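Reader: I would like to go through a protein model with you and ask how each label is earned. Could you show it to me?

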Amino acid sequence: AEGPPLEIAGLVKRFRGGFLAVDDVGFTAQRGQVVGLLGENGAGKTTTLRMVAGLLRPDAGTVRAFGAPLGPGSPALERIGCFIEGPGFLPHLSGRRNLELYWAATGRPRRDARFDEALAVADLGGAIRKPVRGYSQGMRQRLAIAQAMLGLPDLLILDEPTNGLDPPQITALRGVLQRYAAAGRTVVVSSHLLGEVERTCSHVVVMSHGRVVAAGPVEAIAGEATELVLTVTDVPAAVAAV
Ligand code: ATP
């Protein structure tokens with residue numbers, strides 16, 4: 001059997017001025033898991049995922065995918081789909097055309113069920129044939145998620161995918177991600193909302209101030225994470241919500 005879809009160890013990123021945004025971060029995502037990267041704004045989730053995706057060079061640490069080191073030219077890259085930074089869609093082209101161009105750029109066959117299945121996730125109805133410049137933030141967000149899923153990659157990485165989605169769309173995305181992992185694939189998804197992670201994920205990695213402060217199956221971590229999140233984030237808002 002091959003190694004885990006994602007295995008991170010000792011990841012470090014120090015920004016100019018010496019600020020340690022990611023400090024010795026490690027975790028593993030296994031087949032069939034939806035792993036939630038949970039943490040307050042600034043905890044280092046995006047920086048971690050950018051290093052995993054090769055958008056940012058780590059100062060130290062290793063990223064392995066499917067048992068082999070991940071880097072430029074790794075064959076494993078073809079099995080990974082990412083939505084970390086908003087893709088720059090061509091505004092005058094339709095959502096469908098944008099995704100077709102992206103698909104063609106990856107050198108895959110013109111007609112493929114894996115294209116249509118991923119496209120359906122965007123759930124844009126007739127708007128899929130209209131120019132992206134008329135899309136709302138939520139519509140662009142769904143198109144970006146669908147783009148990351150084109151080809152149905154074995155490992156799907158999404159940074160805060162629920163931004164700009166309304167509650168029914170968040171519920172729909174939750175079902176999509178859970179079914180995706182249940183089919184034997186793997187999802188890594190970041191969020192700053194504990195409730196969202198509890199409802200969506202099978203496993204949780206809690207980050208705070210650049211470090212992993214807790215990790216494990218969602219049942220084991222939920223109570224602990226509540227305390228951790230409440231101590232490290234915006235406590236007045238949390239209290240007001242009670
Ligand atoms: P958010 O939900 O706000 O994206 P996050 O957990 O993803 O939060 P990061 O975006 O990884 O956090 O940011 C971690 C810290 O690193 C923040 O304090 C941020 O200001 C800082 N940071 C991120 N990118 C850079 C950069 N390019 N240069 C300097 N500092 C950065």
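Author: Below, we talk through the whole chain and then some of its parts.

Reader: Happy to start. What kind of model is this, and how many helices and strands does the protein chain have?

Author: It is a predicted model. The protein chain has eight helices and 10 strands.

Reader: What makes you say that the radius of gyration agrees with a compact globule?

Author: For 242 residues, the rule for a compact globule gives a value near 18 Å, and the protein chain has 18 Å, so the two agree. The C-alpha trace spans about 45 × 45 × 40 Å along its principal axes. As for the contacts with a separation of 6 or more, 65% are between residues 24 or more positions apart.

Reader: And how much of the protein chain is buried, and what does the surface consist of?

Author: Buried residues make up 48% of the 242. The exposed area is about 11800 Å², with 54% of it supplied by carbon and sulfur atoms. On the charge side, there are 25 positive and 23 negative side chains, and the centres of these two sets are 10 Å apart.

Reader: Let me pick a residue. Why is N98 called buried?

Author: Buried means under 20% relative accessible area. N98 has 6% relative accessibility, so it counts as buried. N98 sits in helix α2, residues 95-105. Leaving aside residues up to four places away in sequence, N98 touches F89, L90, L93 and V132.

Reader: What makes E117 partly exposed?

Author: Partly exposed covers the range between the buried limit of 20% and the exposed limit of 50%. The relative accessible area of E117 is 47%, so E117 is partly exposed. E117 belongs to helix α3, residues 113-122. From E117 to E40 there are 77 residues in sequence, and the C-alpha to C-alpha distance is 33 Å.

Reader: Why is helix α1 described as largely enclosed by the rest of the structure?

Author: Helix α1 covers residues 45-52, and six of its eight residues are buried, so the description follows. The buried ones are K45, T47, T48, L49, M51 and V52. Just after α1 comes G54, with a positive phi of about 80°.

Reader: On to the strands. What makes β2 and β5 edge strands?

Author: They belong to an open sheet of four strands, in the order β2-β1-β4-β5, with antiparallel pairing. Strands β2 (20-29) and β5 (68-69) each pair on one side only, and that is what puts them at the edge.

Reader: How do you know that β1 and β2 pair?

Author: Two strands pair if there are at least two bridges between them. Strand β1 (residues 6-14) and β2 have seven bridges in the antiparallel sense, so they meet that cut-off. One bridge links K13 with V22 in β2.

Reader: And which strands pair with β7, and in what sense?

Author: Strand β6 (residues 80-83) runs parallel to β7, with four bridges joining them. Strand β8 (residues 186-191) and β7 also pair in the parallel sense, over four bridges. For G81, the bridge partner in β7 is L156, while L158 stands opposite V189 in β8.

Reader: Which way do the residues of β7 point, and are they buried or exposed?

Author: In β7 (residues 155-158), L155 and I157 point one way, whereas L156 and L158 point the other way. All of them are buried.

Methods: Residues numbered from 1 in each chain as written. Predicted model: local features only at pLDDT ≥ 70, side-chain atom pairs only at ≥ 80, totals over all residues. Heavy atoms only, no water. Helix = DSSP H or I, 4+ residues; strand = E, 2+ residues; numbered from the N terminus. Rg over C-alpha atoms; globule rule 2.2 N^0.38 Å. Buried < 20%, exposed > 50% of the residue type's maximum accessible area, 1.4 Å probe, protein only. Contact = heavy atoms within 4.5 Å. Areas by Shrake-Rupley, 256 points an atom, 1.4 Å probe, with all protein chains shown as cover. Lys, Arg positive; Asp, Glu negative; His and termini not counted. Charge placed at Lys NZ, Arg CZ, Asp CG, Glu CD.
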